[in-house]
Amino acid sequence: MKKYKMHISFFGITALFCFGSICALLTGNFISFLKDLVMTAIVFVINYILYQSTYLKIDDTKLEGKTGIFKIEKLSCKIDKITSVKITQNIFEKILNTGTIVIQTPTGIFHFGNMNNPEEIKNKLLENQTINTQTVINNLSKNSKYNDFDFLVEEQNYSKRENKL
């Protein structure tokens, strides 16, 4: 089972706030420094919690995922139940190789934002879905009363009977 995590993009925002804090401190504006420092801490904590709570686990037959802090969305389904997988990316997300993965199942649509390697995740889901479909087809043909050859023989015998009538 492979676990995919959210991208750590919040370090850039935190670094920006830290830079503002340092500039405020150097200019002697202590109140602005404290305000920027508190904002930096808040942004960092919220994004770190979001980072820790967002994941996708992909097995050969099953997909599990969770996202959100206050509004938590959980997904647990068999891979063959997935109806579509879509990736949305803006220009910066393409540069960072991140994006939002939208997974549609019969029970709903799930958005996993800021995920690392979205193309890899999509390919893994579609690959497993194809493998599982082929396995089901193989199992059905093994458990079938007739194999393909028997079916063809029966069909030819039926058409011979039709021609005689």
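**Exercise 1. The four-stranded sheet**

Task: Find the strand order of the open sheet of four strands, then name its edge strands.

Solution: This is a predicted model. Start with the order. The strands run β1-β2-β3-β4, with antiparallel pairing, and the sheet is open. Next, look for strands that pair on one side only. These are β1 (2-5) and β4 (73-78), the edge strands. Last, check the angle. Neighbouring strands of this sheet are turned against each other by 10° on average, direction ignored.

**Exercise 2. One pairing up close**

Task: How many bridges link β3 and β4, and in which sense do the two strands pair? Which residue of β4 stands opposite T67?

Solution: Take strand β3, residues 62-67. Its pairing with β4 is antiparallel and spans six bridges. Now go to T67. Opposite T67, in β4, stands E73. As background, side chains in a regular strand alternate between the two faces of the sheet.

**Exercise 3. The salt bridge**

Task: Find the partner of K62 in a salt bridge, and decide how exposed each of the two residues is.

Solution: The cut-off is 4 Å from a side-chain nitrogen of Lys or Arg to a carboxyl oxygen of Asp or Glu. The side chains of K62 and E64 meet with N to O at 3.5 Å, forming a salt bridge. The count by this rule is one salt bridge. For exposure, partly exposed lies between 20% and 50% relative accessible area. E64 has 23% relative accessibility, so E64 is partly exposed. K62 has a relative accessible area of 33%, so K62 is partly exposed too.

**Exercise 4. The hairpin**

Task: Describe how β6 and β7 are joined, and find the partner of T105.

Solution: Begin with the ranges. Strand β6 covers residues 98-105, and strand β7 covers residues 108-116. The two run antiparallel and are joined by seven bridges. Then look between them. Two residues separate β6 from β7, and the two strands form a hairpin. Finally, take T105. Its bridge partner in β7 is G108.

**Exercise 5. A nonpolar patch**

Task: Which residues form the nonpolar surface patch, and which helix gives the largest share?

Solution: The members are L25, F30, L34 and L37. Together they have about 360 Å² of accessible area. Helix α2, residues 30-53, supplies the largest share, with three residues. L25 lies in helix α1, residues 10-26. Patch residues need over 30% relative accessible area. L25 is at 44% relative accessibility, so L25 counts as partly exposed.

Notes
Residues are numbered from 1 along each chain as its sequence is written. This is a predicted model: local features need pLDDT of at least 70, side-chain atom pairs count only at pLDDT 80 or more; totals for chains, interfaces and linings use all residues. Side-chain values use heavy atoms; hydrogens and water are left out. Two strands pair if DSSP finds at least two bridges between them. Buried means under 20% relative accessible area, exposed over 50%, partly exposed in between (1.4 Å probe, protein chains only). Axes are lines fitted to C-alpha atoms, for helices over the stretch in contact, and angles run from 0 to 180 degrees between N-to-C directions. Patches are made of residues with over 30% relative accessible area and no salt bridge: like charges are joined within 9 Å, nonpolar side chains (Val, Leu, Ile, Met, Phe, Trp, Tyr) within 5 Å. Accessible areas come from the Shrake-Rupley method with a 1.4 Å probe; for residues, only the protein chains shown count as cover.
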